[in-house]
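Trainee: I would like to look closely at one part of a model and then see how other parts are arranged. Could you please take me through it in a connected way?

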Amino acid sequence: MNGFLTEQGARAVADRYPETYGSIVPWIREAAAAGDWTRVGKFTNLAAALRAAGLDEVVQEILDSGAPGCNAEDLVEILGEVGGGSAVACLFRVAERSVSEDAPAYWLCQKVIASLGEIGTPQALECLRRMTASSWADVVRWHTAVELEIEEELGFDEDRMLA
């Protein structure tokens with residue numbers, strides 16, 4: 001299981017090893033508990049392609065733990081793909097926690113913004129609106145405004161923001 005995993009490839013793995021369907025989420029938990037972030041990454045990517053039940057909960061647990069060494073950006077993207085409404089609060093907490101350490105490009109915050117936009121529920125959109133407040137860094141506010149398509153409404157100067 002190296003490189004990009006398509007849904008078809010994931011199903012081929014799971015068909016060859018049928019225990020994967022029922023075991024992948026516990027395997028992710030075990031790998032996370034052991035701090036084996038490489039295995040966590042491989043298993044979460046496989047589980048995402050399989051749309052494994054319980055994946056969103058285990059990813060939220062990992063993100064909420066703030067475990068050093070985990071690839072939070074990938075996990076945030078996975079929540080955007082599979083998490084639905086249950087992931088919104090966790091994603092917002094990730095952004096709140098990381099904004100002070102994420103400068104100057106705010107990559108993790110940008111992933112959160114994209115994931116909240118992908119989820120698109122009223123709660124997700126409300127979190128995005130909150131991220132346009134002046135208490136957030138300008139770059140975060142800009143990317144959030146673009147996601148919400150309200151950058152002109154908020155008076156952002158695109159040239160200044162992208163300089």
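Mentor: In this predicted model, E151 has a relative accessibility of 23%, so it counts as partly exposed, a class that begins where the buried class, under 20%, ends. The residue lies in the loop between helix α9 and helix α10, the latter formed by residues 158-161. Leaving out residues up to four places away in sequence, E151 touches W142, A145, V146 and F156. A12 stands 139 residues from E151 along the chain, and the C-alpha atoms of the two are separated by 44 Å.

Let us turn next to the helix that precedes this loop. Two packed helices are described by the angle between their axes and the distance between the axes. Helix α8, residues 122-130, and helix α9, residues 138-148, pack at an angle of about 140 degrees, and their axes are 9 Å apart. Because of that angle, α8 is oblique to α9; a value over 145 degrees would have counted as roughly antiparallel. The crossing of α8 past α9 is left-handed. On the α8 side the contact is made by L125, L128 and R129, while α9 contributes T144, E147 and L148. By type, the residues of this contact comprise three nonpolar, one polar and two charged.

The buried interior can be considered next. The largest nonpolar core has 53 residues, and I28, L63, L116 and M131 touch the most other members. Helix α3, residues 37-50, gives the most to this core, with seven residues. When residues up to four places away in sequence are not counted, I28 touches V40, F43, T44, A47, L55, V58 and I62.

Helix α5, residues 72-82, also has a buried side to examine: its buried residues are A72, L75, V76, I78, L79 and G80. The elements that cover them include α3, α4 (55-65), α6 (88-98) and α7 (107-119). Just after α5, G84 takes a positive phi of about 60 degrees.

One of the helices covering α5 is α6, and S98 is located in α6. With a relative accessible area of 8%, S98 is buried, because this value is under 20%. Apart from neighbours within four places in sequence, S98 is in contact with L108 and C109. To return to the starting point, S98 is therefore classed as buried, whereas E151 is classed as partly exposed.

Conventions
Residues numbered from 1 in each chain as written. Predicted model: local features only at pLDDT ≥ 70, side-chain atom pairs only at ≥ 80, totals over all residues. Heavy atoms only, no water. Core = buried A, V, L, I, M, F, W, Y, C linked by side-chain atoms within 4.5 Å. Buried < 20%, exposed > 50% of the residue type's maximum accessible area, 1.4 Å probe, protein only. Helix = DSSP H or I, 4+ residues; strand = E, 2+ residues; numbered from the N terminus. Contact = heavy atoms within 4.5 Å. Axes fitted to C-alpha atoms, helices over the stretch in contact; angles between N-to-C directions. Parallel < 35°, antiparallel > 145°, perpendicular 65-115°, else oblique. Left-handed = near helix turned anticlockwise from the far one by under 90°. Nonpolar A, V, L, I, M, F, W, Y, C, P; charged D, E, K, R; others polar.
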